[in-house]
Amino acid sequence: MLGLFCLSIPAAHAQVAAPSVERAPGDIEPPTVERNDPLLVQLAYTGDLLTSVAGGASRGSRWIHNASAIATADLEQLVGLQRTTALVHGFYNNGASFSGNVVGDAQVVSSIETGMPLLRVLEAWVEHRGPDDRWSAKAGLYDINS
């Protein structure tokens, strides 16, 4: 497991563009914690039904799927830790193989194909913001690509 501690100090406030609707499967943006929602859970499911009807190594079909869950908690409302948020992001893939077992190619046909079952915690962190929101500190397992 990779642990990471991050301290960020924003230089200025900037307007953020809306997130892209063309995202990789399982790539989910954490929801913003609202003052009236101390715990938010976001679920996503992606499934591919793939069939080889001609050519390839054999004929057949495979159902490949991902499931992802993110829980975001406002720890100030839940347990009294001021200006503190926690997030856990888990991911499951059933591991069905279409490309290797049916098509017979070296590259995958589906972007969610893994070839082996996966159950992973992708992120698990706690973030504390300063009293004036000019700084924050985040500790835990963090996706540095986000």
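**Surface patch.** I looked for a nonpolar patch on the surface of this predicted model and found one formed by L39, V41, L43, L78, V79 and L81. I noted about 610 Å² of accessible area for these residues together. I then asked which elements supply the patch: β2 (39-52) and α1 each give at least two residues. I recorded β2 as the source of the largest share, with 3 residues. I placed L39 in strand β2.

**L81.** I went on to one patch member, L81, and found it in the loop between α1 (75-79) and β4 (84-93). Is L81 buried or exposed? I read a relative accessibility of 44% for L81, so the residue counts as partly exposed. I checked its contacts, leaving out residues up to four places away in sequence, and listed L75 and E76. I also looked up L81 against H128, which lies 47 residues away along the chain. I noted 8.8 Å between their C-alpha atoms.

**Whole chain.** I stepped back to the fold and counted 2 helices and 6 strands. I wrote down the order along the sequence as β-β-β-α-β-α-β-β. The chain has 146 residues, and I noted that 27% of them count as buried. I looked up the accessible surface of the chain, which comes to about 9,600 Å². Carbon and sulfur atoms hold 58% of that surface. I then turned to the contacts in the chain with a separation of 6 or more, and found that residues 24 or more positions apart account for 57% of them.

**Nonpolar core.** Which residues make up the largest nonpolar core? I listed 6 residues in all: L50, I64, A96, F98, V102 and I112. I picked I64 from this set and looked up what it touches, leaving aside neighbours within four places in sequence. Among its contacts I found the core members L50, A96, F98 and I112. I also wrote down T46, G47, D48, N93, N94, S110 and E113 as contacts of I64.

**S68.** I located S68 in strand β3 (residues 60-74). I asked whether S68 is buried or exposed. I found a relative accessible area of 5%, which is under the 20% cut-off, so S68 is buried. I then looked at its side chain and found a polar contact of 2.8 Å with the side chain of H89.

**Salt bridge.** How many salt bridges does the structure hold? I counted 1. I identified the partners as D133 and R129, whose side chains meet at 3.6 Å, N to O. I added a reminder that side chains of opposite charge can pair when their charged atoms come close. I checked how open each partner is: D133 has a relative accessible area of 47% and is partly exposed. R129 stands at 25% relative accessibility, so I entered R129 as partly exposed too.

**G104.** My last entry is on G104, which I found in the loop between α2 (99-103) and β5 (118-129). I compared its position with that of G56, 48 residues apart from G104 in sequence. I noted 5.9 Å between the two in space, C-alpha to C-alpha. Leaving aside neighbours within four places in sequence, I listed A57 and S99 as the contacts of G104.

Notes: Residues are numbered from 1 along each chain as its sequence is written. This is a predicted model: local features need pLDDT of at least 70, side-chain atom pairs count only at pLDDT 80 or more; totals for chains, interfaces and linings use all residues. Side-chain values use heavy atoms; hydrogens and water are left out. Helices (H or I, at least four residues) and strands (E, at least two) are DSSP runs, numbered from the N terminus. Buried means under 20% relative accessible area, exposed over 50%, partly exposed in between (1.4 Å probe, protein chains only). A polar contact is a pair of N or O atoms within 3.5 Å; within protein, one must be able to donate a hydrogen and the other to accept it, and residues adjacent in sequence count only if both atoms are side-chain atoms. A salt bridge is a side-chain nitrogen of Lys or Arg within 4 Å of a carboxyl oxygen of Asp or Glu. A nonpolar core is a set of buried Ala, Val, Leu, Ile, Met, Phe, Trp, Tyr and Cys residues joined through side-chain atoms within 4.5 Å. Contact means heavy atoms within 4.5 Å. Patches are made of residues with over 30% relative accessible area and no salt bridge: like charges are joined within 9 Å, nonpolar side chains (Val, Leu, Ile, Met, Phe, Trp, Tyr) within 5 Å. Accessible areas come from the Shrake-Rupley method with a 1.4 Å probe; for residues, only the protein chains shown count as cover.
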